[in-house]
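Please open the model in your viewer and keep the sequence panel at hand. The tour proceeds from the whole chain to single residues.

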Amino acid sequence: MCRWLLIGLFFSNALMAAEEGNKQIGVNVSSIGAEGLLNTFSGLLVVLAVIVGAAWLFKRYGQLSMGGKGMVRVLGGASVGSRERVVVVEVEDTRVLLGVAPGQVRMLHLLSDDSPSFREQLQGLEQQEPADNQQSEPSQ
């Protein structure tokens, strides 16, 4: 019992000092009113507008060159599976079709300028199809 009384007396001075400190701090601190909240909210809106504007500018003009042209350029690609892609890469004026899978890159085709484009090949196949169909139909 005496032990709790000594502990209470020991901390009573500290509690009284803390209470007086809180009173002094409370006098000096101004309360946040509607004007303060409005200023804080408008500042937050300005920061968000700057972030959105910077993201839009980066997306629009984001293709920044990284110190000159390299020897290898990725011309395009398409996803052909959940983790597989085909990519067209240009290396010193030679286009290469690559198959890219997790842990593996393989050359699928060497595209030369002399070879017809995909569109030309497709048109050639479409023109051959009617001729093939006429030959395969039995005469009656």
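The stops below give a selection and then describe what is found there.

**Whole chain.** Begin with the full chain, shown as a cartoon; the model is a predicted one. Three helices and four strands are present, and their order from the N terminus is α-α-β-β-β-β-α. Colouring by relative accessibility is a useful next step: of the 140 residues, 4% are buried. With a surface representation switched on, the accessible area of the chain amounts to about 13000 Å², and carbon and sulfur atoms contribute 61% of that area.

How are the contacts distributed along the sequence? Of those between residues at least 6 apart in sequence, 0% connect residues at least 24 apart.

**Residues 41-58.** Select this span next. The unreviewed UniProt entry annotates residues 41-58 as "transmembrane region". In the model the span is 100% helix and 0% strand, and a distance drawn between its end C-alpha atoms should read 26 Å.

**Residues 94-101 and 104-111.** Now move to strands β3 (residues 94-101) and β4 (residues 104-111). In which sense do β3 and β4 pair? The pairing is antiparallel and extends over seven bridges. To inspect one position, select V96 together with L110 of β4, its bridge partner.

**The turn.** Finally, centre the view on the link between these strands. β3 and β4 form a hairpin, with two residues between them. Select G103 in this turn and check its backbone torsions: phi is positive, at about 80°.

How values were computed. Residues are numbered from 1 along each chain as its sequence is written. This is a predicted model: local features need pLDDT of at least 70, side-chain atom pairs count only at pLDDT 80 or more; totals for chains, interfaces and linings use all residues. Side-chain values use heavy atoms; hydrogens and water are left out. Buried means under 20% relative accessible area, exposed over 50%, partly exposed in between (1.4 Å probe, protein chains only). Contact means heavy atoms within 4.5 Å. Accessible areas come from the Shrake-Rupley method with a 1.4 Å probe; for residues, only the protein chains shown count as cover. UniProt positions are given in the numbering used here, feature names are shortened, and annotations may be inferred rather than shown by experiment. Two strands pair if DSSP finds at least two bridges between them.
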